[in-house]
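Trainee: Could you take me slowly through one part of this structure, looking closely at a helix and at what surrounds it? I would like to follow each step of the reasoning.

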Amino acid sequence: MGDPELTVIEDGDVRIVKIGPMGPYNNNAYIVRSLGSGDSLLVDMPLEEAPLLAAIAAEGGVRTIVATHWHQDHWLTYDAVRRATGAPVLVGSREVNIPEERIDGRLDDGAELRVGAARVTVMHTPGHTVGSISLRIGPAVITGDTLFDGGPGKTFAGGDLETILQSINARLLPMPDATAVLPGHGANTTIGASRRGYAEYGGHPKPAGYFGDVEWSRP
Ligand SMILES: [Zn+2]
């Protein structure tokens, strides 16, 4: 596999670096950095280790790590990342299935993390997992496996599709059209494109009780 693409969004003091897609599941990690203070926040710890550690070293200043949800593919470089940064690992307050010794703190809906002068707002966006979170930073939102380019994240039990669609509709889609959606896997999208896809999906929704994969068109 070649080197993953690095995508950079800069907005005032904030720089967001996307590391990915990479590894067998096309995962993405993100580093949110304050240019003024040099402090950084890392989001998720997926494969592959080499490009992720290179980006951590290049950006520097990782003081905090946030995992968007419990799924293993977002934690596969936990040991290496902890060795490299020594930073605490924070997860959503409702999340399950993570060994307690790996968790240094929990984040409630509405919590704010400071990265230099920037504020990162935590949103509880359940459905893919019970405690999945999204992180809003200025002109972007890191959505974990809640919202991808082309649809919601996979759901695993009856009722969960309705829950994830509610998370998307109530919490994510109200953001401005130009907001960059930075997902846990694959390509970026925008809130505007997601809103159009969501509306199109509403014309031919899955039957009640369906769960699994849903893809809407990319208008
Ligand atoms: Zn997942």
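Mentor: Let us begin with a term: a residue is called buried when its relative accessible area is under 20%, exposed when that area is over 50%, and partly exposed in between. Please keep in mind that this is a predicted model.

With that cut-off in hand, consider S167, which is found in helix α3. Its relative accessible area is 4%, and therefore S167 counts as buried. If we set aside residues up to four places away in sequence, S167 touches T125, P126, T146 and L172.

One of those partners, T125, deserves its own look, since we can approach the contact from the other end. T125 sits in the loop between β9 (118-124) and β10 (133-137), and because its relative accessible area is 0%, T125 is buried as well. Leaving out neighbours within four places in sequence, T125 is in contact with S132, I133, S134, T146, S167, R171 and L172, a list in which you will recognise S167. With S134 there is also a polar contact, made between the two side chains at 2.9 Å.

Helix α3 (160-172) can be seen from yet another side, for it is among the elements against which the buried residues of helix α4 pack, together with β11 (140-144), β12 (147-148), β14 (180-183) and β15 (189-190). In α4, which covers residues 191-201, the buried residues are I191, G192, A193, S194, G197 and Y201.

For comparison, turn to helix α1, residues 49-59, where P51, L52, A55, I56 and E59 are buried. Looking down the axis of α1, we find these buried residues within an arc of 140 degrees, so they line one face of the helix. On the other side of α1, the residues A50, A57 and A58 are exposed. The buried residues of α1 pack against β2 (14-22), β3 (27-34), β4 (40-43), β5 and α2, and after the helix comes G60, with a positive phi near 75 degrees.

Finally, the loop between β5 (62-66) and α2 (78-85) holds L76, which has a relative accessible area of 41% and is therefore partly exposed. Together with Y25 and L47, L76 makes a nonpolar surface patch of about 280 Å².

Definitions and conventions:
Residues numbered from 1 in each chain as written. Predicted model: local features only at pLDDT ≥ 70, side-chain atom pairs only at ≥ 80, totals over all residues. Heavy atoms only, no water. Patch = residues over 30% accessible without salt bridge, like charges linked within 9 Å, V, L, I, M, F, W, Y side chains within 5 Å. Areas by Shrake-Rupley, 256 points an atom, 1.4 Å probe, with all protein chains shown as cover. Salt bridge = Lys/Arg side-chain N within 4 Å of Asp/Glu carboxyl O. Helix = DSSP H or I, 4+ residues; strand = E, 2+ residues; numbered from the N terminus. Buried < 20%, exposed > 50% of the residue type's maximum accessible area, 1.4 Å probe, protein only. Contact = heavy atoms within 4.5 Å. Polar contact = N/O pair within 3.5 Å; in protein donor to acceptor, adjacent residues only side chain to side chain. Arc of directions from axis to C-beta.
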